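Let's look at some charged side chains and ask how each label was earned. Here is the structure to keep in view.

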Amino acid sequence: MNVIDLSRFQFASTSIFHFFFVSLTVGLAFLIAVMETIAFVKKDRGGRYDKMTNFFGHLFLINFAVGVVTGIVQEFQFGMNWSEYSRFVGNIFGVPLALEVLMAFFLESTFIGLWWFGKDRLPAWVRLASIWLVAIGTQISAFWIILANAWMHHPVGYRIENGQALLTSFSAVVFNYKAWLFTFHVNGSAWTIAGFFVLAISAYHLLRRRSVDVFSRSLRIGLVFAAIGTVLSASSGHLAAQADVYDQPMKFAAMEAQWEDSESPAPWSAIALVNEQERRNEASLEIPYLGSVLAYNNIEGSYRGLNSLNEEFQQTYGPGNYIPPVLPVYWSFRLMVGIGMLLLLTAFLGLFLWWRRRDGLDETRWYLRALVWIVPLPWLANFFGWIVTEMGRQPFMVYGLLTVEQGVSANSVGEVLAGLVGLWVVYLGLIGLDIYLLSVTARAGIHHTPSAQIAAAPAPDYADDEGFRDTVHDPGRRT
């Protein structure tokens, strides 16, 4: 592997590792704010909704604390591995990154401390306002980061001067339609992750008949969030793919492994044996009309193929190969969509069971078991989605303006490889620590004993002073 491939793999690893934490943080902050609001409206200080908020808030705090450091490494890589890219886009790219820190990070870090450590010292309305400011801060933070990324896919509001991109219209950058499509898609996926995270933990404890009064309600809140998140993610993702037909046609063609211009109506390739060397498909299972429907919401319509687009790009940008890695983009897209549809059906099946069986949802053990087992799937769908988005615009870093080869730093293979190995060791350790802490805390439940919680992350006593009656075996037993 050369410096370019190693640098790409290092930044991809950093981004996916970082997003492992971010996606849960963004979604769970909003979900916990809703829980806190319900507890406030019901005047439930010390009651079931208050315990629910504290329990899931503790999980949120663990993920936030472990994950916040991973984003710092990502920003350093712009200078270490992509210095030419930073020089080219620094005048534009630095603006949303600076605003993210000033408007969002300080907001989150300040009020998360007030919300958590002041829960027994501050009035209820102050605590409610604090968690909502944290939730709003996560949304603002996500928006500015997504805005910077969207500019790389669809650059607007700039001029090129002395080999650098200079900002000419901040409003054009802010109202970049690509940024808003990405924002809705990322937030929908974050809500999906948070919803299924809460669903899995709630189902785990309901299967064991622990704290049924609390987890029965968190299960229903999680269902609503999961349903909204899957619909928002699917609809915004569909619109983003349709936008690619016009502004990133090479990506859309790679998503469909369409080597030649399609016919009209265009079929949709469900499964294809892709031969990237010969630039064709060995075989393809196609569904008639569906390609046109996905691209244009119409049974008529064709789209360009990779080979003809590559010839056009060579005339526009100069000699070279402008076809992205088709195999990973094609299969990542199908895995993302397949998992997304499974999650959507699971969420709406839960709503149907809730409607038909009311309180019987807590007793539907096969469904509860399924919720526990599918908890990794939302993260996988997110990772596959980022692979489609970022690999689909290769070989460009800034679409149509700067290629990956032009943006890389003048490092040696050994330097990049050493950084890559170190990054994987540290990040895998952080992810392992995060999963371990979350698992121990989640399994311990609301009525834990000191031995069930590791000393490094002591959990508060969620039960009130008079005790809480467990529902495991003996309704009259104090816990």
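Q: Why is R217 called partly exposed in this predicted model?
A: R217 has 27% relative accessibility. Buried needs under 20% and exposed needs over 50%, so R217 falls in between and counts as partly exposed.

Q: What makes the contact between D213 and R217 a salt bridge?
A: Their side chains meet at 2.8 Å, N to O. The cut-off is within 4 Å, for a nitrogen of Lys or Arg and a carboxyl oxygen of Asp or Glu, so this pair qualifies.

Q: How do you know that D213 and R217 are separated by about one helical turn?
A: They're four residues apart in helix α8 (residues 212-247), which means about one helical turn between them.

Q: Why is D213 called partly exposed?
A: D213 comes out at 28% relative accessibility. That lies between the 20% and 50% limits, so partly exposed is the label.

Q: What makes D5 and R8 a salt bridge?
A: Their N to O distance is 4.0 Å, and the rule asks for within 4 Å. The pair is counted as a salt bridge. D5 and R8 are three residues apart in helix α1 (residues 3-41), so about one helical turn separates them.

Q: What makes R127 and E36 a salt bridge, and where do they sit in the chain?
A: Their closest N and O atoms are 3.6 Å apart, which fits within 4 Å. R127 is in helix α5 (residues 124-153) and E36 in helix α1, 91 residues apart, so the pair links distant parts of the chain. R127 and E36 are both buried.

How values were computed
Residues are numbered from 1 along each chain as its sequence is written. This is a predicted model: local features need pLDDT of at least 70, side-chain atom pairs count only at pLDDT 80 or more; totals for chains, interfaces and linings use all residues. Side-chain values use heavy atoms; hydrogens and water are left out. Helices (H or I, at least four residues) and strands (E, at least two) are DSSP runs, numbered from the N terminus. Buried means under 20% relative accessible area, exposed over 50%, partly exposed in between (1.4 Å probe, protein chains only).
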